[in-house]
Amino acid sequence: MSFDTSNPSILRPQRLLRALRISQVQERVTPPHCHASGQLFGAMRGLLSVAADSGQWVVPASHCVWVPPHHVHALRSHGPFAGWSVYVDEASCGGLPAAPCVMRVSGLLREAVARASSWDDGALDARQARVAGVILDEIAAAPHEPFGLPLPTDPRLLRVARAVLDDLADERGVEALAAWAGVSPRTLARRFTIETGFTPSAWRQRARILRTLELLASGQPVTTIALDLGYETVSAFIAMFKRVMGVTPGRYGEE
């Protein structure tokens with residue numbers, strides 16, 4: 001099925017949604033944009049990094065991202081990519097999440113999207129409309145997953161967050177980061193926790209986890225990842241990853 005993804009907001013009358021599948025051997029990069037339709041997208045192979053106005057996420061193939069209408073978002077894949085996308089007519093988004101979020105892909109949703117991606121461009125018949133309704137129900141009912149990395153809104157805190165993202169091996173503590181940003185350590189720690197839900201150190205650990213998922217998807221060895229992220233020993237890195245994710249980095253892609 002061919003579909004002009006440069007203008008996905010144009011859906012024909014009586015078209016609740018439109019689905020498509022994408023496969024390519026090179027990295028996929030979509031710059032910041034928005035459209036009138038809601039969008040659900042995920043990977044069948046590879047890893048997606050997604051940025052929206054409320055934060056950024058790294059999404060493995062077991063999960064997907066919902067972006068409501070008119071929300072600016074951007075994405076890129078890491079390594080060879082095979083994925084899917086569903087564009088939902090704005091009029092059908094009333095009962096769906098009002099903010100961008102990450103959710104786990106159910107087997108039912110995956111199969112329904114696969115079916116919908118085979119449809120032609122005409123209006124939906126009764127059977128197709130029922131499948132479309134299943135997709136909308138699954139989006140509405142899917143539990144949100146904590147794969148997000150929220151960004152603070154305070155300009156001083158945002159400067160700190162972006163500095164951490166630019167160099168995840170940087171071990172500067174709250175005091176040094178606060179002095180660099182021109183804010184007191186107490187204010188930095190308190191406001192950062194309020195705005196993101198994480199302490200500065202926990203937020204950096206979360207960023208390292210997400211970066212690890214990117215590098216694992218691109219085929220980087222665990223030892224290289226540990227050293228690139230500033231860990232003195234591979235065992236310390238593996239222990240941190242397992243504590244947060246429940247499995248070791250080597251086992252993660254097998255789950």
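**Entry 1. The second largest pocket**

I began with the second largest pocket of this predicted model, and I found its volume to be about 370 Å³. I noted 20 residues in its lining. Ser-49, Gln-56, Val-58, Leu-165 and Glu-214 are the ones nearest the centre of this pocket. I then looked up which elements supply the lining: S3, strand S4 (55-59), S6, H3 and H6 each give at least two residues. Sorted by class, the lining of the second largest pocket holds 13 nonpolar, three polar and four charged residues.

**Entry 2. The largest cavity**

I next searched for enclosed space and recorded one cavity of 30 Å³ or more. The largest cavity contains about 40 Å³ of space. Which residues line the largest cavity? I listed Val-160, Val-164, Leu-177, Phe-192, Pro-200, Trp-203 and Arg-204. At least two residues of this lining come from helix H3 (155-166), and at least two from helix H6 (200-217). H6 contributes the most, with three residues. By class I counted six nonpolar residues, no polar ones and one charged residue in the lining of the largest cavity.

**Entry 3. Val-160**

From the cavity lining I chose Val-160, which is located in helix H3. Is Val-160 buried or exposed? Its relative accessible area is 2%, under the 20% limit, so Val-160 is buried. Leaving out residues up to four places away in sequence, Val-160 touches Leu-177, Trp-180, Ala-181 and Leu-188. I also checked Val-160 against Phe-192: the two are 32 residues apart in sequence, and their C-alpha atoms are 9.6 Å apart in space.

**Entry 4. The nonpolar cores**

I recorded 43 residues in the largest nonpolar core. Val-50, Leu-188, Trp-203 and Leu-213 have the most contacts inside this core. I followed Leu-213 further; setting aside its neighbours within four places in sequence, Leu-213 is in contact with Leu-47, Val-58, Phe-147, Phe-241 and Tyr-252. Another core, of 25 residues, lies apart from the largest one, and its members include Val-88, Cys-93, Leu-136 and Ile-139. As a general point, I wrote down that nonpolar side chains in soluble globular proteins tend to be buried together.

**Entry 5. Helix H1**

I looked up the buried residues of helix H1 (residues 107-116) and found Leu-109, Ala-112, Val-113 and Ala-116. Why do the buried residues line one face of the helix? Seen down the axis of H1, they fall within an arc of 100°, so they line one face. An α-helix has 3.6 residues a turn, so residues three or four places apart point the same way. I then asked what the buried residues of H1 pack against. The partners are strand S1 (17-24), strand S3 (38-52), strand S5 (63-67), strand S6 (73-88) and helix H2 (126-141).

**Entry 6. Two partly exposed residues**

I turned to Ala-217, which has its place in helix H6. Its relative accessibility is 34%, so Ala-217 counts as partly exposed. Not counting residues up to four places away in sequence, Ala-217 touches Leu-47 and His-78. Ala-217 and Val-29 are 188 residues apart in sequence and 16 Å apart in space, C-alpha to C-alpha.

Lastly I examined His-70, in the loop between S5 and S6. His-70 has a positive phi of about 70°, although it is not a glycine. With a relative accessible area of 47%, His-70 is partly exposed.

Conventions
Residues are numbered from 1 along each chain as its sequence is written. This is a predicted model: local features need pLDDT of at least 70, side-chain atom pairs count only at pLDDT 80 or more; totals for chains, interfaces and linings use all residues. Side-chain values use heavy atoms; hydrogens and water are left out. Buried means under 20% relative accessible area, exposed over 50%, partly exposed in between (1.4 Å probe, protein chains only). Helices (H or I, at least four residues) and strands (E, at least two) are DSSP runs, numbered from the N terminus. The arc is that of the directions from the helix axis to the C-beta atoms. Contact means heavy atoms within 4.5 Å. On a 1 Å grid over the protein atoms alone, a cavity is a set of points where a 1.4 Å probe fits but cannot get out, and a pocket is an open set with protein on both sides within 12 Å along at least five of seven lines; lining residues have an atom within 4 Å of a point. Grid points are joined across faces, edges and corners, and a volume is the space filled by probe spheres set on the points. Ala, Val, Leu, Ile, Met, Phe, Trp, Tyr, Cys and Pro count as nonpolar, Asp, Glu, Lys and Arg as charged, and the others, Gly among them, as polar. A nonpolar core is a set of buried Ala, Val, Leu, Ile, Met, Phe, Trp, Tyr and Cys residues joined through side-chain atoms within 4.5 Å.
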